[in-house]
Amino acid sequence: MVKEKLLRRGAEAEIFKTKWHGTEAIKKVRISKKYRNAKLDLKLRSTRTRSEASLLHKAKLLGIRAPTLFHIDLEKSTIIMEYIKGKKAKDCIEKNNALCRKIAKSIAVLHNAGLIHGDLTMDNIIVHNNEPAFVDFGLGFYSHKIEDKATDMLNLKKSLLALKPGLEKEWRTIINSYRRSANNGKQIVKRMHAIEARARYV
Amino acid sequence: MLSLGIESTAHTFGIGIANDKGKILANVKATFRSPRGGIKPQEAADFHLKNAIDVIEKALAEAGVDVKDIDIFSFARGPGLGPCLKIGATVARTLSLIHNKPLAAVNHCVAHIEIGRLLTKAKDPIIVYVSGGNTQIIALEEKRYRVFGETLDIGLGNMLDSFGRALGLAFPAGPILDKMYFQGKNYIDLPYTVKGTDLAFAGLQTAAEKLIGKVPTADLVYSLLHNAFAMLTEVTERALAYTERDEVLLVGGVACSKALQGMLLEMCKQRDAKLFVPKNEFCTDNGAMIAWLGMLEFIHGKTINVAKSSVKQNFRLEETEILW
């Protein structure tokens, strides 16, 4: 039996550090939630597990750093994947323009291929040697809609600006670089502002 | 010291009186009910105007104080419906000028949160604010309330009312739907839309409305509410995990829902967190919360000049600095 260590109890999954045929690996188990109906619970857990595995693979094909998939078990809602060393982007983004631009360009590559992360936060970007890697595609999906890409960016914006005040400059670097690199970048950014305005109480 | 607060952002015209120790001395309200359901802003505003004096007098009597004893007059500046907001603002300005006492113009959403914190003693919670027009998951960061996630289309309460209308229920449909929830037995597959930390309810509503009459109503109501509340619970749990907190404060009109309370409680139990919910009269729109927030702002030296006290329909809660 491989020794497993619980790294994090996230909102929807437990993340363990484990070994996969001698290699350091991450085991992600989606936890059953007692608060929701068993039918809904099973549906959400298995579809998210399957789609996460598929998106991880696709991201790698695009040349974006993401964990390599080792094993998937739908019945247990479990994925075993590569362990990526590094720090969370939220701990090293400040005043790091080069990182901001790399993050933006990587997201543009994903979006240009129709890959929407779905939970783009400063927690889900791991940085090693100042290179970003994207983890947790659990809420990801395929779409070429401007709306979905804009929602992804809005999510990233909120997670960055909610960290602490004064990160507006970092956000501007990210969004400007993204606008230049993404197909329809200008429209996506425009839509992002529209979504922000739409959510306001009128 | 006494603060008199006026709430008039939507259906409710409410007057509350609070002292500087956080004691609520009065909380009186009159609620506009449209015979057709929904709300026409001008009709609600007319209702507020007609009831203003009566509600104020009842509140003063309930608190056992004279209007001359009031030290500050507060009103909800927004967010809300323009015509309704203007009635509360005009009443507050008038009282402030006649009695030569300071005026406070406060944010309605912040008021919901502050009365919740006051009454439940939650220390540093993730706030779930769900009402007709608002659906937000909020946390206090660096002296501002920050929105962690929110609806991308309609408010959860509006969705329930609107679905209730399609079923032929009277306004407000929420309490009736909440009872029906517990009679539903079979779960029907409906859209479940969580986008990161944001939510969307319009697709869920449309899908459910298409099934009216085709499946047992109690099952449909159960499934609709179940999905909507599960979405909200999921994002709340994500906010707890992300910000490493262990308290949840539920506020706003939809907070009265036993189904929602039960679901959040179950989630909190599973991760050793604590759920706080104020009493119903302080969850729905009320004057006491405006009085209390006005008092907090007054204590911290924040009042407003009548000439600058225009209402703000799109008043965001991030605009208020939390000095306490």
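Start with the largest nonpolar core of this predicted model. The core has 159 residues, and those touching the most other members are B:Ala228, B:Val248 and B:Trp292. Next select helix H7 of chain B, residues 217–243: this helix supplies 14 residues, the largest share of the core.

**Around B:Val248**

Centre the view on B:Val248. Leaving aside neighbours within four places in sequence, its contacts are B:Pro125, B:Ile126, B:Val128, B:Thr236, B:Leu240, B:Leu264, B:Cys268, B:Ala273, B:Leu275 and B:Phe276. Now show strand E11 of chain B, residues 247–251, where 4 of the 5 residues are buried.

Which strands pair with E11(B) in the parallel sense? One is strand E6 of chain B, residues 126–130, joined to E11(B) over 4 bridges. In this pairing B:Ile126 stands opposite B:Val248, and B:Ile126 is also among the contacts of B:Val248 listed above. The other is strand E12 of chain B, residues 274–276, which pairs with E11(B) over 3 bridges. Here B:Glu247 stands opposite B:Lys274.

Add helix H8 of chain B, residues 258–270, to the selection. E11(B), H8(B) and E12(B) together make a right-handed β-α-β unit.

**Helix H2 of chain B**

Select residues 82–99 of chain B, which form helix H2. With 18 residues at 1.5 Å a residue, H2(B) should span 26 Å; the end C-alpha atoms are 26 Å apart, so the expected span and the model agree.

Colour the buried residues of H2(B): B:Cys84, B:Leu85, B:Ile87, B:Gly88, B:Ala89, B:Val91, B:Ala92 and B:Ser96. Their cover includes strand E1 (2–7), helix H1 (41–63), strand E4 (72–78) and strand E5 (103–107) of chain B.

Both sides of this helix are worth a stop. In the loop between E4 and H2 of chain B is B:Pro79, joined to B:Gly78 by a cis peptide bond with omega about -5°. Just after H2(B), B:Asn100 has a positive phi of about 55°.

**The open sheet of chain A**

Move to chain A and show its open sheet of 5 strands. The order is E1-E2-E3-E5-E4, with antiparallel pairing. Strand E1 (5–9) and strand E4 (69–73) of chain A each have a single partner strand, so each stands at an edge with one side left without a neighbour in the sheet. From one strand to the next the twist averages 20°.

Within the sheet, select strand E2 (residues 13–20) and strand E3 (residues 23–30) of chain A; they pair in the antiparallel sense over 8 bridges. A:Phe16 stands opposite A:Lys27 in E3(A).

Go next to E4(A) and E5(A), an antiparallel pair with 4 bridges. A:His71 has A:Ile80 in E5(A) as its bridge partner. The two strands form a hairpin with 4 residues between them, and A:Ser77 in the turn has a positive phi of about 45°.

Now add helix H1 of chain A, residues 38–61. H1(A) lies across E3, E4 and E5 (78–82) of chain A, and runs at about 160° to E4(A).

**Where the chains touch**

Show both chains together. In chain B, 30 residues are in contact with 25 residues of chain A. On the chain B side, strand E8 (144–150), strand E9 (194–195), H7 and H8 each supply at least two residues. H7(B) gives the most, with 7 residues; this is also the helix with the largest share of the core.

**Two loop residues with positive phi**

Most residues other than glycine have a negative phi. Two residues to select next depart from that pattern: A:Asp136, with a positive phi of about 60°, and B:Lys121, with a positive phi of about 65°.

A:Asp136 lies in the loop between strand E9 (131–134) and strand E10 (141–142) of chain A. B:Lys121 is in the loop between helix H3 (108–120) and E6 of chain B.

Is each of them buried or exposed? A:Asp136 has 24 other C-beta atoms within 10 Å, so this residue is buried. B:Lys121 has 8 other C-beta atoms within 10 Å and is therefore exposed. The cut-offs behind these labels are 20 or more for buried and 12 or fewer for exposed.

Key. Residues are numbered from 1 along each chain as its sequence is written. Chains are lettered from A and ligands numbered from 1 in the order in which they are written. This is a predicted model: local features need pLDDT of at least 70, side-chain atom pairs count only at pLDDT 80 or more; totals for chains, interfaces and linings use all residues. Two strands pair if DSSP finds at least two bridges between them. Axes are lines fitted to C-alpha atoms, for helices over the stretch in contact, and angles run from 0 to 180 degrees between N-to-C directions. Two residues are in contact if their C-beta atoms, placed from the backbone, lie within 7 Å. The expected span of a helix is 1.5 Å times one less than its number of residues. A nonpolar core is a set of buried Ala, Val, Leu, Ile, Met, Phe, Trp, Tyr and Cys residues joined through C-beta atoms within 7 Å. A crossover is right-handed if, with the strands pointing away from the viewer, the path from the first strand over the helix to the second runs clockwise.
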